[in-house]
Amino acid sequence: MKLNFQNVVATASTALDSGIGDTALKTFNGNTYLYSLTGPGGGVAVWKLVDGAVPQLHDTQYFSGAITFHVGRSGMPVTLAGQDRLILDVDSATGLVGYDLQSDGPIGTLRETGTLSGGGDITALIKVSVGASDFLTIAHEDSGQIATYHVNADGSLSLAGMTAGHADSMQTLQAGTGHFVITADAVNNDVS
């Protein structure tokens, strides 16, 4: 297989085009959107992906207020109580911080959940559904803990358990009736 260069797209804003640290894909109503994130002093650019065409700039959101210089370069899409969100790594946060994602792609309101045991400085997260219950497993950077939270009907989170550990990425695996979260930690070269 051979890869061929196709095109470069940009927002024309240095704050959104330079230092992109993460991208996330989300599909709404058959349309796929790419969310690109820069770090402190930057923001999020939303690109609508159209088959056979150059990605189209759909929306932009600059980081502002208390998170402006405390936000990391990662963004993780997750659905909590039916609301799609783009979760951010915010060093100074006490809860889970993220933007609501609207069903036609744009960035919505910035929200923070109630206080989390490990705080809002996160390196990875993953949602796991077990029967009718949803859980969110989060790697908390500052505390060196990986915590699992029950997602309540209103989207709030209740601590279900914690263990010592670090993770840069997470995946879920089901084996029989068992559900597992697999973590990778690049700093310590560990898979758990």
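Here are some short exercises with worked solutions on the structure above, which is a predicted model.

**Exercise 1. Sizing up the chain**

Work out how many helices and strands the protein chain has, and how its radius of gyration sits against the globule rule.

*Solution.* Start with the elements: the chain has 1 helix and 15 strands. Next, take the radius of gyration, which is 17 Å. The globule rule gives 16 Å for 192 residues, and the two values are close, so the chain is as compact as a globular protein of that length. For a feel of the dimensions, the C-alpha trace spans about 45 × 40 × 35 Å along its principal axes.

Now look at the surface and the inside. The accessible surface is about 10000 Å², and carbon and sulfur atoms own 50% of that. Of the 192 residues, 39% count as buried. Finally, take the contacts with a separation of 6 or more: 37% of them come from residues 24 or more positions apart.

**Exercise 2. Two open sheets**

Find the strand order in the open sheet that holds S1, and say which strands stand at its edges.

*Solution.* Read across the sheet: the order is S1-S2-S3-S4, and the pairing is antiparallel. S1 and strand S4 (56-62) are the edge strands; each has a single partner strand, so one side of each is left without a neighbour in the sheet. Neighbouring strands here are turned by 20° against each other on average, direction ignored. To check a pairing, go to S3 and S4: they run antiparallel and are joined by 6 bridges. A handy landmark is alanine 45, whose bridge partner in S4 is threonine 60.

Now do the same for the open sheet that holds S9.

*Solution.* This one also has 4 strands, ordered S9-S10-S11-S12 with antiparallel pairing. Strand S9 (122-130) and strand S12 (157-164) each have a single partner strand, so each has one side without a neighbour in the sheet. From one strand to the next, the twist averages 20°. In the middle, strand S10 (residues 133-140) and strand S11 (residues 145-151) run antiparallel with 6 bridges between them. Threonine 137 stands opposite threonine 148 in S11.

**Exercise 3. A hairpin and its turn**

Describe how S5 and S6 are connected, and pick out the turn residue with a positive phi.

*Solution.* First, the pairing: S5 and S6 run antiparallel, with 7 bridges joining them. Methionine 76 has isoleucine 87 in S6 as its bridge partner. Second, the connection: the two strands form a hairpin with 2 residues between them. Third, the turn: alanine 81 has a positive phi of about 50° although it is not a glycine. Most residues other than glycine have a negative phi. Alanine 81 is partly exposed, with a relative accessible area of 43%. Strand S5 (residues 71-80), by contrast, is mostly covered, as 7 of its 10 residues are buried.

Is asparagine 29, in the loop between S1 and S2, buried or exposed?

*Solution.* Place the residue in the loop between S1 and S2. Its relative accessible area is 72%. Exposed means over 50%, so asparagine 29 is exposed. Its phi is near 50°, a positive value in a residue other than glycine.

**Exercise 4. Inside the cores**

Name the residues of the largest nonpolar core that touch the most other members, then list which strands feed this core.

*Solution.* The core has 18 residues, and Tyr35, Val44 and Leu88 touch the most other members. The elements giving two or more residues are strand S1 (22-28), strand S2 (31-37), strand S3 (43-49), strand S6 (83-90) and strand S7 (95-101). A second, separate core of 14 residues includes Leu96, Ile138, Val151 and Leu157. In soluble globular proteins, nonpolar side chains tend to be buried together.

Zoom in on leucine 88 next: leaving out residues up to four places away in sequence, its contacts include Leu37, Phe63, Ile67, Val97, Tyr99 and Ile122.

**Exercise 5. An alanine on an edge strand**

Which residues does alanine 160 contact, leaving aside its neighbours within four places in sequence?

*Solution.* Begin with the address: alanine 160 is in strand S12. Its contacts are Thr148, Tyr149 and His150. For tyrosine 149, 11 residues away along the chain, the C-alpha separation from alanine 160 is 5.0 Å. Even with these contacts, alanine 160 is exposed, with a relative accessible area of 53%.

Terms used:
Residues numbered from 1 in each chain as written. Predicted model: local features only at pLDDT ≥ 70, side-chain atom pairs only at ≥ 80, totals over all residues. Heavy atoms only, no water. Pairing = 2+ DSSP bridges. Axes fitted to C-alpha atoms, helices over the stretch in contact; angles between N-to-C directions. Rg over C-alpha atoms; globule rule 2.2 N^0.38 Å. Buried < 20%, exposed > 50% of the residue type's maximum accessible area, 1.4 Å probe, protein only. Contact = heavy atoms within 4.5 Å. Areas by Shrake-Rupley, 256 points an atom, 1.4 Å probe, with all protein chains shown as cover. Core = buried A, V, L, I, M, F, W, Y, C linked by side-chain atoms within 4.5 Å.
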